[in-house]
6 protein chains.
Amino acid sequence: MPHVKPVEYDDASPEVKAVYDDIKASRKISWINNFWKTLASHPPTLKRTWEALRDVMRPGALDVKTKEMLFLAVSVANNCEYCIASHMASARAHGMSEAELGELMAVISMAAQTNRFAQGYQPALDPQFKPKGG
Amino acid sequence: MPHVKPVEYDDASPEVKAVYDDIKASRKISWINNFWKTLASHPPTLKRTWEALRDVMRPGALDVKTKEMLFLAVSVANNCEYCIASHMASARAHGMSEAELGELMAVISMAAQTNRFAQGYQPALDPQFKPKGG
Amino acid sequence: MPHVKPVEYDDASPEVKAVYDDIKASRKISWINNFWKTLASHPPTLKRTWEALRDVMRPGALDVKTKEMLFLAVSVANNCEYCIASHMASARAHGMSEAELGELMAVISMAAQTNRFAQGYQPALDPQFKPKGG
Amino acid sequence: MPHVKPVEYDDASPEVKAVYDDIKASRKISWINNFWKTLASHPPTLKRTWEALRDVMRPGALDVKTKEMLFLAVSVANNCEYCIASHMASARAHGMSEAELGELMAVISMAAQTNRFAQGYQPALDPQFKPKGG
Amino acid sequence: MPHVKPVEYDDASPEVKAVYDDIKASRKISWINNFWKTLASHPPTLKRTWEALRDVMRPGALDVKTKEMLFLAVSVANNCEYCIASHMASARAHGMSEAELGELMAVISMAAQTNRFAQGYQPALDPQFKPKGG
Amino acid sequence: MPHVKPVEYDDASPEVKAVYDDIKASRKISWINNFWKTLASHPPTLKRTWEALRDVMRPGALDVKTKEMLFLAVSVANNCEYCIASHMASARAHGMSEAELGELMAVISMAAQTNRFAQGYQPALDPQFKPKGG
């Protein structure tokens with residue numbers, strides 16, 4: 001159950017409706033998911049977050065499937081149930097196969113494991129890995 | 001500075017040397033990075049972790065560049081400095097462009113942001129996103 | 001469902017009852033929430049944690065509403081559902097408006113986003129931000 | 001050391017310079033901190049992130065000092081060293097006293113402690129704390 | 001509800017069945033818990049993860065009860081509900097008393113609290129604590 | 001470098017000195033580490049935190065070595081560098097062998113790995129693991 005009242009399309013202000021309409025048009029879908037309906041409790045947050053997400057998730061140097069898989073990986077690392085479910089659906093809708101999901105989960109979990117070793121043992125950074133921007 | 005003494009190749013037991021040799025052969029490199037040298041303080045951990053990582057990071061349904069980018073994304077989400085540096089280097093070595101890095105970072109940060117909204121507002125899971133395994 | 005049996009007031013030892021009575025008196029309420037009832041499975045933990053929380057959350061240099069909003073922000077960052085629900089209720093009871101909640105959530109999510117950029121790109125610390133205690 | 005080359009003002013494209021100028025004007029300062037210089041390696045990320053941050057951190061229902069303290073609290077919870085240093089400086093510049101910092105840190109750490117109890121014992125959610133949006 | 005279809009014993013491939021049989025034999029139990037049934041959606045992950053877990057959790061320098069308590073502590077720190085429930089059961093099955101659980105939870109929460117103080121205040125590392133591996 | 005000025009013994013108020021004296025007496029040491037010197041910037045936090053830590057870390061149902069290993073495990077999971085260094089030293093001082101450290105790190109990393117699988121795949125909780133407190 002959400003901590004704020006979700007805003008349904010018919011009850012939305014014109015400002016919120018405009019965002020909802022853009023979500024539907026951009027995603028070629030006819031419904032608004034609950035994430036956006038709760039964000040609509042604070043309209044400037046809804047508008048800012050939607051526009052940023054829409055622009056970030058557009059195809060660019062990376063294709064949409066790869067972006068959705070990265071989004072899913074971070075959502076698993078952050079343990080966000082809603083986000084895992086919604087981006088699991090989205091990654092599959094953009095072509096992620098079950099074999100790709102299996103490998104994605106294996107990479108996430110391997111990273112979790114080696115991250116802890118590095119954080120626990122704290123190896124010195126090898127000169128070969130020195131950041132390039134310094 | 002590491003919390004255990006890194007094991008150099010010349011001081012390594014045959015068991016550890018065999019893993020070091022496999023790292024060099026698999027990666028076609030002539031040096032061992034400090035991560036493995038600290039894991040070598042506990043040889044069964046070194047062997048188990050290297051073999052698992054080697055197998056998980058092989059090309060499969062996902063190519064190596066994509067796997068390295070996923071590994072990097074999780075390492076950023078987990079805030080592991082050593083891991084970010086080593087997998088940043090590795091992802092670039094496997095072809096990640098600066099434009100792809102820019103989009104990768106944008107996706108990670110967008111996910112961090114929307115994850116917090118979902119965790120804070122706790123929208124109900126839409127029936128459309130219901131897990132497929134139930 | 002909790003992992004230990006919650007201790008109800010009527011079943012409580014005198015030691016636990018004394019803490020429950022102090023919770024009721026300090027908060028001017030007539031019931032004990034489940035968080036404390038599970039902590040009561042280990043009475044020294046109950047007493048120590050309640051007394052620390054009570055003292056930390058007292059009005060001081062910061063007022064109670066601000067403290068509750070900080071508590072809520074950390075609970076969202078830590079993804080603790082029970083804590084989010086209980087401190088959402090408490091922050092509202094101490095006067096947090098829906099507009100303030102909207103801005104609170106926007107700040108939390110913005111921080112999550114910029115934190116990841118800083119952790120991923122690792123900008124050098126500007127001399128202007130150097131800690132004051134060194 | 002950063003993982004991308006920071007973009008200095010004199011080397012910046014007009015698009016990046018425009019953001020830098022807005023940062024200086026909005027904050028009434030004459031320098032750009034390294035966070036933004038690393039984000040400038042990907043100009044759309046720089047522009048999007050700065051504009052969002054600028055709007056979120058404006059005085060609104062919450063004043064700037066409170067917003068900076070919330071930002072600092074989340075940065076501590078996320079363990080982001082650069083973010084802690086920069087927002088510590090900023091919160092102090094907006095009037096956070098040392099006594100307020102002491103209470104802020106006490107609240108953050110108290111929340112970290114009780115969050116873990118709730119996540120470990122998993123008390124049932126009391127009906128009194130049921131979310132309002134359901 | 002899981003995001004992949006759990007693989008039941010009777011529907012399993014010989015490769016998966018062999019792992020299931022090893023789980024039953026190693027743990028002297030007659031059932032397979034859902035964690036492994038979901039991992040079986042990607043057989044190499046199932047086999048690799050089970051064999052690693054089985055070897056790591058064997059009695060060695062540390063006994064099994066201590067290992068299960070460490071596993072539980074990390075699972076609470078990572079906020080993994082399924083893992084907390086399964087390793088709570090396992091730690092109790094290996095002899096963890098309710099008093100030990102109480103002290104375990106107190107240590108976890110104390111560490112969470114002091115971790116945040118150290119991450120927020122960033123005390124310089126005392127020479128007495130300098131890592132031994134440098 | 002710390003964000004507050006560490007309080008040296010000779011500059012301390014009587015209230016802070018009393019805590020420092022108790023730290024020295026309880027630990028049978030002649031120096032105060034920087035963690036406490038930064039907490040002394042807010043004396044009630046110093047006193048409250050020290051007394052809680054002292055009581056939690058006393059031998060009880062669990063011995064001190066086990067408690068220090070649990071504290072270290074949580075500090076690695078939370079990625080707290082200072083805490084890892086100080087509790088690594090403390091666990092070794094209380095008898096943790098290098099073999100035990102190796103197994104401790106293996107358990108932490110295994111838990112990190114399986115935690116992510118459980119959080120990503122979200123297996124249903126088996127009835128056999130149902131919490132006992134419900």
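This passage describes two interfaces of a predicted model, that of chain F with chain E and that of chain E with chain D. Local features require pLDDT of at least 70 and side-chain atom pairs count only at pLDDT 80 or more, whereas totals for chains, interfaces and linings use all residues; side-chain values use heavy atoms, with hydrogens and water left out. Residues are numbered from 1 along each chain as its sequence is written, and chains are lettered from A in the order in which they are written.

Between chain F and chain E, 65 residues of chain F are in contact with 65 residues of chain E (contact: heavy atoms within 4.5 Å). The buried area is about 6000 Å², to which carbon and sulfur atoms contribute 72% (buried area: the accessible area, with a 1.4 Å probe, that two parts lose on being put together, summed over both). On the side of chain F, the greatest losses of area to chain E fall on Val107(F), Tyr121(F) and Phe129(F), which together account for 11% of what that side buries.

Two salt bridges link chain F and chain E (a side-chain nitrogen of Lys or Arg within 4 Å of a carboxyl oxygen of Asp or Glu). One salt bridge joins the side chains of Lys67(F) and Glu103(E), at 3.2 Å from N to O. In addition, 22 residue pairs, both at pLDDT 80 or more, are in polar contact (a pair of N or O atoms within 3.5 Å; within protein, one must be able to donate a hydrogen and the other to accept it, and residues adjacent in sequence count only if both atoms are side-chain atoms). H6(F) supplies the largest share of the side of chain F that touches chain E, 18 residues (helices: DSSP runs of H or I, at least four residues, numbered from the N terminus).

Chain F superposes on chain E by a rotation of 180° with 0.0 Å of shift along the axis, at an RMSD of 0.0 Å (least squares on the C-alpha atoms of residues with pLDDT of at least 70 in both). The two copies are thus related as by a two-fold rotation axis. Both copies use the same surface, since 100% of the contact residues of chain F recur in chain E.

At the second interface, 21 residues of chain E are in contact with 21 residues of chain D. The area buried there is about 1800 Å², with 58% on carbon and sulfur atoms. Met105(E), Ser109(E) and Arg116(E) lose the most area to chain D within chain E, together 29% of what that side buries. Zero salt bridges are found between chain E and chain D.

Key: Helix = DSSP H or I, 4+ residues; strand = E, 2+ residues; numbered from the N terminus.
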